[in-house]
Amino acid sequence: MSFRLKDYLDEKIALLEAELPRALSTEGVPSELYESMHYSLMAGGKRLRPILVLAVLEAFQQPIERGLPYAIALEMIHTYSLIHDDLPAMDDDDLRRGKPTNHKVFGEATAILAGDALLTRAFGLVASSYVHHPEVKAETTVQLIAELGQRAGERGMVGGQMADIMGEGKQLSLEQLEYIHLHKTGDLLIAALRGGGYLAEATPKQLQALTNYAVKIGLAFQIKDDILNVEGDAALLGKAVGSDASKEKATYPALLGLAESKRRLALLVKEAQAELAAVKINHPALFALAEYVMERVS
């Protein structure tokens, strides 16, 4: 039977969306804060990062339940970053996935605190959940927490966001643009692949291949985002098209042109797949997800 990515994604999204609200608690939490956290966490989306964690475990023939706490924590961090990214002081967006952004519904102060709460909850979730997974070594739990700290912090996603802000209205080199995207977008994808690798007890060589795959699909994901911002469908994207140009943001199409951006996108996807094939990680979902990054319309 041929592999059907849509069926695979639908199955994993249904699993994750059943688990995500269970990771939030109303006990001792101000109701407005809880509602704000829940609103953005359950606002839909591709759930690509947690799905990648689960796909790595499947590739190593390990139970995906082992990866659920880490996968959910990663989605919480991603959600916090989107809440903050949409704020007036950042990208000042009114829509996210076709719905009003968090601060438009709950106000800026609550949105900031909801992002803060999701970020801190993510680390607590990983630290506490693996107490109930005795098959996961304490050393592995520490590796997972360290990975999240590095990839989400000032040398990772937050650093990439800062570089993105500093680059607005400036003529950036390709190296500077790739720095932004490797960190702003790529680092949480790296955290997904490496976290799955730690949980699956991958060898150092396999872990490096997973890292290289993540770097390449991270760049590919951002190139595709930049292309969609130029020629995508606003109804499918759930946000305005052309916003990058209006904000004078550095993008691949602005720097290289659309044709070269599309060529680089296709090459990165092929290289990502080759990284896995070289170490015999042959799970079809990981190969198909790389192509999905290139072919998506939203």
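The following exercises, with worked solutions, concern a predicted model.

**Exercise 1. The nonpolar core**

Task: Determine which residues of the largest nonpolar core touch the most other members, and which helix supplies the largest share of this core.

Solution.
- Step 1. The largest nonpolar core holds 84 residues. Those touching the most other members are Leu52, Tyr70, Met76, Leu193, Tyr213 and Leu286.
- Step 2. Helix α11, residues 204-231, provides the largest share of this core, with 11 residues.
- Step 3. Tyr213 may be examined individually. Residues up to four places away in sequence being left out, Tyr213 touches Leu52, Leu193 and Leu286, and also Ala272, Gln273, Glu275, Leu276, Leu289 and Ala290.
- Step 4. As general background, nonpolar side chains in soluble globular proteins tend to be buried together.

**Exercise 2. The setting of Asp86**

Task: Establish where Asp86 lies, whether Asp86 is buried or exposed, and which side chain Asp86 joins in a polar contact.

Solution.
- Step 1. Asp86 is located in the loop between α4 (68-85) and β1 (95-96).
- Step 2. The relative accessible area of Asp86 is 3%. Buried means under 20%, so Asp86 is buried.
- Step 3. The side chains of Asp86 and Arg96 are joined by a polar contact of 2.7 Å.
- Step 4. With neighbours within four places in sequence set aside, the residues in contact with Asp86 are Asp92, Asp93, Arg96, Thr101 and His103.

**Exercise 3. Aromatic pairs**

Task: State how many aromatic pairs a search of the whole structure finds, and classify the pairs Phe3 with Tyr8 and Tyr39 with Phe106.

Solution.
- Step 1. The search finds two aromatic pairs.
- Step 2. The ring centres of Phe3 and Tyr8 are 5.5 Å apart and the planes stand at 50°, so this pair is tilted. Phe3 is partly exposed, at 35% relative accessible area, whereas Tyr8 is buried, at 7%.
- Step 3. For Tyr39 and Phe106, the centres are 5.5 Å apart and the planes are at 70°. Planes over 60 degrees apart count as edge-to-face, so the pair of Tyr39 and Phe106 is edge-to-face.
- Step 4. Tyr39 belongs to helix α2 (residues 31-41) and Phe106 to helix α5 (residues 102-106), so the pair ties together parts 67 residues apart in sequence.
- Step 5. Tyr39 is partly exposed, with 23% relative accessible area, while Phe106 counts as buried at 17% relative accessibility.

**Exercise 4. The ring of Phe221**

Task: Identify which arginine residues lie over the face of Phe221, and at what distance from the ring centre.

Solution.
- Step 1. Arg49 lies over the face of Phe221, 5.8 Å from the ring centre.
- Step 2. Arg296 also lies over the face of Phe221, at 3.8 Å from the ring centre.

Terms used: Residues are numbered from 1 along each chain as its sequence is written. This is a predicted model: local features need pLDDT of at least 70, side-chain atom pairs count only at pLDDT 80 or more; totals for chains, interfaces and linings use all residues. Side-chain values use heavy atoms; hydrogens and water are left out. A nonpolar core is a set of buried Ala, Val, Leu, Ile, Met, Phe, Trp, Tyr and Cys residues joined through side-chain atoms within 4.5 Å. Buried means under 20% relative accessible area, exposed over 50%, partly exposed in between (1.4 Å probe, protein chains only). Helices (H or I, at least four residues) and strands (E, at least two) are DSSP runs, numbered from the N terminus. Contact means heavy atoms within 4.5 Å. A polar contact is a pair of N or O atoms within 3.5 Å; within protein, one must be able to donate a hydrogen and the other to accept it, and residues adjacent in sequence count only if both atoms are side-chain atoms. Rings of Phe, Tyr and Trp (its six-membered ring) pair if their centres lie within 6.5 Å; planes under 30 degrees apart count as stacked, over 60 as edge-to-face and the rest as tilted. A charge sits over a ring if NZ of Lys or CZ of Arg is within 6 Å of the ring centre and within 35 degrees of the ring normal.
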